[in-house]
Amino acid sequence: MSEGAGGHLRFLGEQLAAWRGAGTFQRLRVLESASAAESRFDGRDVINLASNNYLGLTTHPKLIEAAIDATRRYGAGSGAVRTISGTMRLHLELEERIARFKNVPACVVFQSGFAANAGTVSAILGPEDHIVSDALNHASIIDGCRLSRGKIHVFEHKDHAAAERILAGLASAPGRKLLITDGVFSMDGDIGPLPQLVAVAEKHGAIMMVDDAHSSGVLGRAGRGTVDHFGLDGRVDIQVGTLSKAIGVLGGYVCGSRDLIDFLYHRARPFLFSTSHPPSVAASCIAAFDVLEEEPERIENLWDNTRYFKHGLQSAGFDTGMSETPITPIMVGDAARAHAFSRELFEEGVFATGIGFPTVPEGKARIRTIMTATHTKLQLDRAVETLTRVARRMGILG
Ligand SMILES: *Cc1c(COP(=O)(O)O)cnc(C)c1O
């Protein structure tokens, strides 16, 4: 095999070999069907506990029809970034739709939730400013904080008293302050202490920002997210959400005041320097918000399945960590063991991802399961039975 230009990248190969040796090298599983409750990966039909397709919208006929119709009318791509010539009527319609749904004045859609977080935090803050951030916030928030070059103060997970102490200590410091948290934490499935954090932000004059990637379509009335769930309308300055998870398509959005959105039009770098969504994506997302309001039973089914599956896991003796949402980790501890558990489950027809460092802290490796509205009770019984059998065999369950 060629070493390439003088083997300058040999260190990458050495690192990969080390990961292979440690059992933490991950081969990508290839999805060969639609993403659904039961899907085909690598030639095998498995119960899919590894997607963020909470409401089963990836395969909803209305979303599919909307994409086909928009593609026929408006083509496959938008042709430019939003600020040049890539703002289509459909993009604006989607943003108006989301703003109405979230009960806020305005909304801007980004190419992904990652771009929404990274682009927003880095646009509104600078080196003089301070960011107070939960230790388990999503990587896209962390990257946005770093890109802003503001000073980052991390508080222990969900410790609002610690957040308050940090802000109190910054009372006379120059610069703006941002208090930022995930609404639902993506690896543990627990809910951020929003009422307390909002009160802390108000008391100390900090901007309050919530990333509702895993709560949009899941928590709150018709899936309006954690701000609605806790009755905090009008008290959170910046709400981020994703269109890639429960909404079933692709994209991220920022909701807030008209000024916030107009400012982001001028300064958010992914908005300025990366091409907008194809018409099919915008049209499918609009259809998804219709479905959220027309088919409330999807969210009911999601939560019914979540309770059923969690109860099954806990009865079998699994440690499901801090979860209070459809994201349910099964704690394993050692990363190599978590990955091995995931691989053996897959061979027996259940797909749940192994997750280790750096996605979660060392020693907190797990497999992560995500429930959807479209799993059947039969599938869930089979999943719990398989999980239990494999975990016993591997000594993960006593
Ligand atoms: C998934 C996720 C994102 C990124 O969303 P994408 O649309 O997939 O880019 C952002 N924040 C959190 C908390 C997430 O879980």
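Buried here means under 20% relative accessible area, and Arg366 makes the cut because its relative accessibility is just 1%. Keep that cut-off in mind for the close-ups below, which all come from a predicted model.

**View 1. Asp188 pairs with Arg366 in a salt bridge.** The closest N and O atoms sit 2.8 Å apart. Asp188 belongs to the loop between β6 (177-182) and α7 (194-204) and Arg366 to strand β13 (residues 365-370), so this contact ties together parts 178 residues apart in sequence. Arg366 is buried, at 1%, and Asp188 is buried too, at 8%.

**View 2. Arg97 meets Asp290 in a salt bridge, side chain to side chain.** The N to O distance comes out at 2.2 Å. Here helix α3 (residues 89-102) brings Arg97 and helix α11 (residues 279-294) brings Asp290, with the two positions 193 residues apart in the chain. Arg97 is buried at 12% relative accessible area, while Asp290 is partly exposed at 29%.

**View 3. Arg382 and Glu38 form a salt bridge between distant parts of the chain.** The N to O distance is 3.5 Å. Arg382 sits in helix α14 (residues 377-393) and Glu38 in strand β1 (residues 38-41), 344 residues apart. Both ends are partly exposed: Arg382 has 40% relative accessibility and Glu38 has 34%.

**View 4. Several salt bridges join up into a network.** The members are Glu344, Glu348, Glu385, Arg389 and Arg393. For the wider picture, a search of the whole structure turns up 24 salt bridges.

**View 5. The largest pocket holds about 710 Å³ of space.** Its lining takes in 20 residues, with Thr24, Phe25, Gln26, His339 and Gly354 nearest the centre. α13 (335-347) and β12 (353-355) each supply at least two lining residues, and α13 gives the most, with four. By class, the lining splits into eight nonpolar, eight polar and four charged residues.

**View 6. The second largest pocket has a volume of about 510 Å³.** Of its 22 lining residues, Ala135, Leu136, Thr359, Val360 and Pro361 are the closest to the centre. Helix α5 (residues 139-148) provides the largest share of the lining, four residues. Sorted by class, you get twelve nonpolar, five polar and five charged.

**View 7. Leu9, Phe11 and Leu12 make a nonpolar patch on the surface.** Together the three have about 310 Å² of accessible area. Leu12 lies in helix α1 (residues 10-22) and is partly exposed, at 39% relative accessible area.

Key
Residues are numbered from 1 along each chain as its sequence is written. This is a predicted model: local features need pLDDT of at least 70, side-chain atom pairs count only at pLDDT 80 or more; totals for chains, interfaces and linings use all residues. Side-chain values use heavy atoms; hydrogens and water are left out. Patches are made of residues with over 30% relative accessible area and no salt bridge: like charges are joined within 9 Å, nonpolar side chains (Val, Leu, Ile, Met, Phe, Trp, Tyr) within 5 Å. Accessible areas come from the Shrake-Rupley method with a 1.4 Å probe; for residues, only the protein chains shown count as cover. A salt bridge is a side-chain nitrogen of Lys or Arg within 4 Å of a carboxyl oxygen of Asp or Glu. Buried means under 20% relative accessible area, exposed over 50%, partly exposed in between (1.4 Å probe, protein chains only). On a 1 Å grid over the protein atoms alone, a cavity is a set of points where a 1.4 Å probe fits but cannot get out, and a pocket is an open set with protein on both sides within 12 Å along at least five of seven lines; lining residues have an atom within 4 Å of a point. Grid points are joined across faces, edges and corners, and a volume is the space filled by probe spheres set on the points. Ala, Val, Leu, Ile, Met, Phe, Trp, Tyr, Cys and Pro count as nonpolar, Asp, Glu, Lys and Arg as charged, and the others, Gly among them, as polar.
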